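Q: Could you take me through one part of this model in some detail? I'd like to follow the strands and how they sit beside each other.

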Amino acid sequence: EISVDQLIDIQISHHQIQVRSVPFVEDNVQWNDESLEQGVLINRGHVIFDPIVDGEFFAKVNISLRDTYVKDVNALRAMVVPFDVVDLGNLFVASVITRHQIGVGLVVGEYSIYFEICEPDDVDEVYYNIVFVPGKIGAKYLMDDNFGGVENGVLYLTS
């Protein structure tokens with residue numbers, strides 16, 4: 001059973017949490033109306049999630065590699081997107097300001113990224129989960145949420 005975890009504290013700004021395994025390319029960060037509406041910009045090897053929360057702030061991001069996905073009980077939004085690990089040297093979780101090398105034992109290949117925005121009932125502090133599961137499945141919302149997501153609603157890939 002695969003179970004590797006990494007916890008980072010990232011400075012989030014410009015409404016983006018990036019996961020990438022390719023060199024930074026300006027074209028990969030060009031939001032369009034569709035990607036803005038769905039809250040995620042999906043390119044091969046470069047995905048940007050909208051953290052929903054406005055402004056610039058620090059947040060905890062739990063990154064993990066698992067055999068299967070189990071939804072966090074505190075999830076306010078959950079989605080899955082296909083992701084290609086292309087280059088381990090460019091494997092980062094990043095924002096506009098900071099980047100952190102992903103160190104959960106990924107290898108070059110195809111994955112599904114499960115992304116969650118979570119907030120415990122007893123604490124007014126949002127955290128994020130990024131779960132890598134080997135193999136690709138179609139991009140979709142995993143739950144109904146208060147931000148426009150509809151369970152099993154299809155998410156569109158940019159490229």
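In what order do the strands of the open sheet come, and is the pairing mixed? Please look closely at strand 6 while you are there.

A: Happy to! Please keep in mind that this is a predicted model. The open sheet is built from 6 strands in the order 1-5-10-9-6-11, and their pairing is mixed. Strand 1 (3-12) and strand 11 are at the edges with a single partner strand each, so one side of each has no neighbour in the sheet.

Now to strand 6, which covers residues 75-85. Of its 11 residues, 10 are buried, so the rest of the structure largely encloses this strand. Strand 9 (residues 109-118) runs antiparallel to strand 6, and 10 bridges join the two. You can find this pairing in the model by looking for Val 80, which is opposite Tyr 114 of strand 9, and for Ala 78, which is opposite Glu 116 of strand 9. Strand 6 also pairs with strand 11 (residues 140-141), again in the antiparallel sense, over 2 bridges. Here Met 79 stands opposite Tyr 141 of strand 11.

For another view of the sheet, go to strand 5 (residues 57-66), where you will find Ser 64. Ser 64 counts as buried because its relative accessibility is 7%, and the cut-off for buried is under 20%. Apart from neighbours within four places in sequence, Ser 64 is in contact with Val 4, Asp 5, Val 104, Ile 130, Val 131 and Phe 132.

Definitions and conventions
Residues are numbered from 1 along each chain as its sequence is written. This is a predicted model: local features need pLDDT of at least 70, side-chain atom pairs count only at pLDDT 80 or more; totals for chains, interfaces and linings use all residues. Side-chain values use heavy atoms; hydrogens and water are left out. Helices (H or I, at least four residues) and strands (E, at least two) are DSSP runs, numbered from the N terminus. Buried means under 20% relative accessible area, exposed over 50%, partly exposed in between (1.4 Å probe, protein chains only). Contact means heavy atoms within 4.5 Å. Two strands pair if DSSP finds at least two bridges between them.
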